[in-house]
Each structure stands twice: as structure tokens, then as C-alpha cells.
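Student: I would like to go through this model term by term, asking at each step what entitles us to the label. Could we start with the charged side chains and then move inward?

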Amino acid sequence: MLHLMRRYVSFLALGGLLTAQALQFEPLQPELFSTPGAFVNAWADYDGDADPDVFVGFNGTANRLYRNDKGTFVDVAAAAGVAEARAVRAAAWGDFDNDGRADLLVGYTPGPASLLRLYRNTARGFEDVTEAAGLTVMAGAVRQPAWIDFDGDNDLDLFVAFRDKPNALFRNSAGRFTDVAAEVGVADPRKTVGAVWFDADADGDLDLYVGNMDGDANGLFISTNGRFTDMAEARGVAWAGRLPKDPANGTVRPCAADINNDGRIDLLAANYGKNGLFLKSRTGPGFDDVSAAWGFDTAGHDARHDACVVADVNNDSLLDVYVNGTFTGGVQHRDYLLLNAGTRFEDATPENVRALAADHGASWADVDGDGAMDLALTGSQANGMHSILRNVLPGATARQSISVRVVDANGRATRAGAEVRVYTAGPGRRLFLGSGLVDSGSGYNMQNDLPVHVGIREATLVDVEVTWPANGKRTVTRLAGVRPGQRVTIRAR
């Protein structure tokens, strides 16, 4: 199977579906999304109408919640009860009470009220349940929250990265949260700003990779029998491509994805300093640094980037990457849209995208349901914005993708960390097409609780395989005969 995967990657490198020059992005409702000072965007279908809605957090002006009605957005934050005018630094959607509706956690800067705020989705609006849930936190520089079921008990626990104190891991017990980070070994005291959960060693439980700033090494916390051990140095990802121990360098966002289509999950890092790409080793438990070979470290040690967000932008079955530059020291660092050519990345950034003053949240979502992934950006400066840019793929190309929602046996979205792989349909030696990770919280200043999008190139029928790691087992669920453009739900038991 790996031989077939490598052959297919080589084939794709010679003949992608769209060249870099063909990619186009056009602003959606620019008059609505022009307000500056935006830090955070987080996506979920909070109203259950099968299209993605977005929460946007600002630096002291009222939050916005944009309801998506078939590709048209309207701000409903005030009516929904989430239009608080506090400076936001993080947000994450997750169904913490298992009622089938996405709830919202917002992380604010310190003030007279809790810097974490948990809003329960009641279907009529949102109610503040922070105190009842045990999530009142009065001090700390909150960065990336992530909803994950780290203990495999079928409810969502909450990880929160802090830039100025040990990270927290709140275990969920019937809707009441208790911090067990120190107990299980993930209370990293370094300056963490990003994190991603995935089964790094394919042993049937979720592991944690954190990005740390100000010259601190990153952490790769491997889970063994419910306890975590930092193996970042041993696995080759402690510095993620940046200069070791340089206080001017750090990792802002780590991403996990199968970049080279070999069936293994790789790691990427958006850094202060050179960006990093590390492919999972074929011969051992570690990762191989291919940053230079793939052209992912083209920006030098003085570059400053805040996010790497992964998606198959042209539906050619290879995962592409958007890297956004931040604004710091009076300098707006540039953004990159990097197309995956099979063995390296090519800069395909459209000029109208480069011209935007984007510097924080970056995310992908199919906002209009056409099968193409659209780009959302935020900008915190006075000339910033919180744009949504529609990916203008030809209709036939846009439809060469599928959407996979992964849920548990009860139909609840508790399966963050599940791995989705897609093959050509039929018996025998099927061809591996592409993959995605159910990711509910790896982004710095962004997050989503959305289906996994997979481009399927020219395939007319595909089979989908979902692997769910929990309690030392990797349970596989398969669905055969999925058509292009189809949206499917798979129960990972």
C-alpha cells in the first residue's frame, strides 16, 4: 500500500489539477467583514442547519457571531448573548454536555471576571455556565483551547494553553471540570501558545504537541497508560525548524497532517524564525526534518508567522498550507499560500490575498457548500479586517471532494483526533487518495468543529476509513461507495 501511495504522489507532482496562477479568491460580503481589530475566528455549525457559522473575537469591541444562511452571513451575537466587549485571545467550539449542539468557550484577557467564559448552546441562544462548570479562572494569558476526549470516556475534556503559567487540562465529569494537568503530566510551565492533539505513535491514544515561545523548546507529550512524557527532543521536534534556545524565536502554531500522503501524520510549525515541516519517519518513532527540501523554510530567522492552516485547496488529494505573517515591531510579515506539488511546496499566494493586513487567525471552511475550501483571516491592526475569501474553483473541480463528519455511537461530536483516510472504491488493492484529521483546537487564534474535507481528484467513487484512537486501541470504521460532492456522517465507535 505504501508503494502505491508513493507512486500516486509522484503522479500528482507531475500533473496537478490547477496551477498556482489559476487559484483565485474573492472577498465575500466585504462591507460586513471590514471591521479591524480582530484576533480570533472559530467555526462551527452552531444552529444545526448544515452550514458553517463563525465566531469572531476582537481586541475590546463587541464579539460577533455570524450565522451562515446558505453562504450569506448575518451578525447575531447580541441576540444570541455572546456580544461581550472584552479583549479576546482565544475561542473554541465543542459539545461539552453531549446534547448535540456546539457550545462555545471564549478566552479573554484578565479583568474583573473569569478570563475563561463557557457559553452553553441552548438552541434559543447561549447562557453563561462558567461557574457551574468549574471553569472560573481569574489570572493568566490564555492562548489555545482544545476540546478533546483525552481519557476515552466519550465526553469532551478541555485543554488550555497559557503563555505565562502551566497549561491546564480540565477533565469533564458530567459537565463539571477539574484540572488534572499536573496529575497526568501535561502542565507544561513554558510559554505555550499553540497545541495539537493526535495519535503521534499510532498506539491507540491521543498525544499532545505544544508550540512554545521566547526560546523555549516545544513539547511532544506521549501518552502511556494515562500518563504523558515529553519526548520532543528524542523524536526530533523540540525546535520545529527554528533556532534552538533563541529568545527571539518560538513556535506559534503546530499543525498535524499527512502532507506526503504516505498514511502517517506529519507535523508542521508556524514560527517566529524559520518555519518547520517534519515528516513522520518510516523506520522509527521520530520525525524527519524536510523543511528546506520542501521549501517550507523560505522565510528566514527574522520572519514572524502566527498560523499554519492545512487544506486541499484545489482538490488534487494533496494537502496545501496557508501560513500567515504577524504584525510586530512595526513590520507586517507576509502571508504564504503554499501548494503541495507532491515533494515540495510552491508559492501560490494571490496578490489580493498578500495585500491584506492579516496577522492572526487564519482558517479554512467551505462556507458556501460548493466543495471548495474558502479562506478566513483576521487582522488586529487599525487597517486590519476579518475577511472571508471565497475560493473560486471551477464547478467540476470544486465538486471533486467529500465532507466527512465523525461522531460517536450516540451521534455526538466527541471524536477529535480521529483520522480520516480516503481510497478509490472497490475490492483488492485500492489507491490511497487523501486524508484529514478531526481537529477541534490546534490553531493559534483559530479553531473549528467542522467536518473533514478531502479532495478526491478524478475519482468517481471512494471508500472512507475512520480510525479512532482511544484506551490503547485504534478502532476502524469504514464506509464504501461515497460519491463526489457527498456529505457523510460516520460513527467512530
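Tutor: A salt bridge here is a side-chain nitrogen of Lys or Arg within 4 Å of a carboxyl oxygen of Asp or Glu. The model is a predicted one, and it holds 25 salt bridges.

Student: Why is the contact between R86 and E84 called a salt bridge?

Tutor: The N to O separation of the R86 and E84 side chains is 3.8 Å, and the limit is 4 Å, so the pair qualifies. R86 itself has 14% relative accessibility, and because buried means under 20%, this arginine counts as buried.

Student: What makes R101 and D99 a salt bridge, and is R101 buried or partly exposed?

Tutor: The R101 and D99 side chains meet at 2.9 Å, N to O, which lies within 4 Å, and therefore the term applies. R101 has a relative accessible area of 25%, and because that falls between 20% and 50%, the residue is partly exposed. The pair also belongs to a wider arrangement, since D97, D99, R101, R120 and E127 are linked in a network of salt bridges.

Student: How do you know that the salt bridge of R163 and D214 links distant parts of the chain?

Tutor: The side chains of R163 and D214 meet at 3.3 Å, N to O. The two residues are 51 residues apart, with R163 in the loop between strand 11 and strand 12, and D214 in the loop between strand 15 and strand 16. R163, at 24% relative accessibility, is partly exposed, and D214, at 32%, is partly exposed as well.

Student: D214 leads me to the strands around that loop; what makes strand 15 and strand 16 a pair?

Tutor: Pairing requires at least two bridges, and 3 bridges join strand 15 to strand 16, so the two count as paired, in the antiparallel sense. Y209 stands opposite L220 in strand 16. The two strands form a hairpin with 6 residues between them, and D214 in the turn has a positive phi of about 60 degrees.

Student: Which strand pairs with strand 16 over 4 bridges, and why is strand 16 described as largely enclosed?

Tutor: Strand 17 is that partner, again antiparallel, and the bridge partner of S223 in strand 17 is F228. Strand 16 and strand 17 form a hairpin with 2 residues between them, where N225 in the turn has a positive phi of about 55 degrees. As for enclosure, 5 of the 6 residues of strand 16 are buried, so the rest of the structure largely encloses this strand.

Student: Why is the pair of F159 and W197 called edge-to-face?

Tutor: Their ring centres are 5.8 Å apart, within the 6.5 Å limit, and their planes stand at 75 degrees, over the 60 needed, so the pair is edge-to-face. F159 lies in strand 11 and W197 in strand 14, 38 residues apart. Both values of relative accessibility fall under 20%, at 0% for F159 and 5% for W197, so each residue is buried. The search of the whole structure finds 16 aromatic pairs, and F33, W43, Y66 and F73 form one aromatic cluster.

Student: What makes us say that the charge of R89 sits over the ring of F39?

Tutor: The charged end of R89 is 4.0 Å from the centre of the F39 ring, and the distance limit is 6 Å, while the label also requires a position within 35 degrees of the ring normal. K165 likewise lies over the face of F162, at 4.6 Å from the ring centre.

Student: Which residues touch the most other members of the largest nonpolar core?

Tutor: Of its 23 residues, L23, F25, Y322, L337, W364, L375 and L377 do. Strand 22, strand 26, strand 28 and strand 29 each give two or more residues to this core, and strand 22 gives the most, with 3 residues. Nonpolar side chains tend to be buried together in soluble globular proteins.

Student: How do you know that N315 is buried, and what is notable about its phi?

Tutor: N315 has 0% relative accessibility, under the 20% limit, so it counts as buried. Its phi is positive, about 55 degrees, although N315 is not a glycine, and the residue is found in the loop between strand 22 and strand 23.

Terms used. Residues numbered from 1 in each chain as written. Predicted model: local features only at pLDDT ≥ 70, side-chain atom pairs only at ≥ 80, totals over all residues. Heavy atoms only, no water. Buried < 20%, exposed > 50% of the residue type's maximum accessible area, 1.4 Å probe, protein only. Core = buried A, V, L, I, M, F, W, Y, C linked by side-chain atoms within 4.5 Å. Phe/Tyr/Trp six-rings, centres within 6.5 Å; stacked < 30°, edge-to-face > 60°.
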